[in-house]
Amino acid sequence: MIQEFAVITEGVFELVSKWEIKLSALDAEVVALKRNCQNRTIKQITGHMIDSASNNLHRIIHLQYNENPLIFPNYATNGNNDRWIAIQNYQKEDWFLLVQLWKYSNLHIIHVMKNVDPDKLDCKWISAPGKEVSLKDMIMDYLRHLELHLDEIDELINN
């Protein structure tokens, strides 16, 4: 494993361990009704984190064998992440299953991050016109992104 990623993978693991329990204990009404500034419920925020794990997983894999720079859709551009949330109807998903999918998606991405080919870290993904993100930078940013959304949930729980 790339030593630099240990902080990321350990951080993701710690969050998953802590938050699986916290999320599982939430009341059905709390996860379905409380909304953040983007009008997302806790169920929808959790779904978005699953989508993020899924999309990052695909990028990490594609960046290790495709032509550089990688042209791969950015699901978050132009509000598409809201379309992903709506199309998958996370609001109606069973909460227990949603939490487990979130947990195991993140445990798998940890495994994949630990097995990245170090020779591919400079490979780039075109995330927007004129903007490229390296595989290394994408992995290094994953923990921050996860914390951002868990902080949103924490704020909803505590208000």
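# Exercises on a predicted model

Asparagine 89 is partly exposed at 36% relative accessibility; buried means under 20% relative accessible area, exposed over 50%, and partly exposed in between (1.4 Å probe, protein chains only). This is a predicted model: local features need pLDDT of at least 70, side-chain atom pairs count only at pLDDT 80 or more, and totals for chains, interfaces and linings use all residues. Residues are numbered from 1 along each chain as its sequence is written, and side-chain values use heavy atoms, with hydrogens and water left out.

## Exercise 1. Backbone features in loops

Task: place asparagine 89 and give its phi.

Solution. Start with the location. Asparagine 89 sits in the loop between α4 and α5. Helices (H or I, at least four residues) and strands (E, at least two) are DSSP runs, numbered from the N terminus. Next, the angle. Phi of asparagine 89 is near 50 degrees, a positive value in a residue other than glycine.

Task: do the like for asparagine 39.

Solution. Asparagine 39 belongs to the loop between α2 and α3. Its phi is positive, about 65 degrees, although asparagine 39 is not a glycine. Then check exposure. Asparagine 39 has a relative accessible area of 48% and is partly exposed.

Task: find which residues the cis peptide bond joins.

Solution. The bond joins asparagine 68 and proline 69, with omega about 0 degrees. Proline 69 is in the loop between α3 and β1.

## Exercise 2. Salt bridges

Task: how many salt bridges does a search of the whole structure find?

Solution. Apply the criterion: a side-chain nitrogen of Lys or Arg within 4 Å of a carboxyl oxygen of Asp or Glu. The search finds five. Three of them follow, including their locations.

Task: work through the pair lysine 103 and glutamate 20.

Solution. Take the distance. The two side chains meet in a salt bridge at 3.2 Å, N to O. Now locate the partners. Lysine 103 is in helix α5 (residues 95-114) and glutamate 20 in helix α1 (residues 6-24), so the pair ties together parts 83 residues apart in sequence. Last, burial. Lysine 103 is buried, at 14% relative accessible area. Glutamate 20 is also buried, at 19%.

Task: work through the pair aspartate 154 and lysine 22.

Solution. The closest N and O atoms are 2.9 Å apart. Aspartate 154 lies in helix α6 (residues 135-158) and lysine 22 in helix α1. The pair links distant parts of the chain, 132 residues apart. Aspartate 154 is partly exposed at 25% relative accessibility. Lysine 22 is partly exposed at 29%.

Task: is arginine 40 buried or exposed, and where is its partner, aspartate 82?

Solution. Begin with the bridge. The side chains of arginine 40 and aspartate 82 meet at 2.8 Å, N to O. Arginine 40 is in the loop between α2 (28-33) and α3 (42-62), while aspartate 82 is in helix α4 (residues 80-88). They are 42 residues apart. Arginine 40 is buried, at 3% relative accessibility. Aspartate 82 is partly exposed, at 39%.

## Exercise 3. Packing of α3 and α4

Task: at what angle do the axes of α3 and α4 cross?

Solution. Axes are lines fitted to C-alpha atoms, for helices over the stretch in contact, and angles run from 0 to 180 degrees between N-to-C directions. The two axes come within 10 Å and cross at roughly 110 degrees. Classify the angle: under 35 degrees counts as roughly parallel, over 145 as roughly antiparallel, 65 to 115 as roughly perpendicular and the rest as oblique. α3 and α4 are therefore roughly perpendicular to each other.

Task: which residues make the contact (heavy atoms within 4.5 Å) between the helices?

Solution. On α3 they are Gln44, His48, Asp51 and Asn55. On α4 they are Asn81, Trp84, Ile85 and Gln88.

Task: place alanine 86 and judge its exposure.

Solution. Alanine 86 lies in helix α4. Its relative accessibility is 55%, and it counts as exposed.

## Exercise 4. The sheet

Task: what is the strand order of the open sheet?

Solution. The order is β1-β2-β3, with mixed pairing. Two strands pair if DSSP finds at least two bridges between them. The edge strands, β1 (70-71) and β3 (131-134), each pair on one side only. β1 and strand β2 (residues 124-128) pair in the parallel sense over two bridges. Leucine 70 has tryptophan 125 in β2 as its bridge partner.

Terms used:
Contact = heavy atoms within 4.5 Å.
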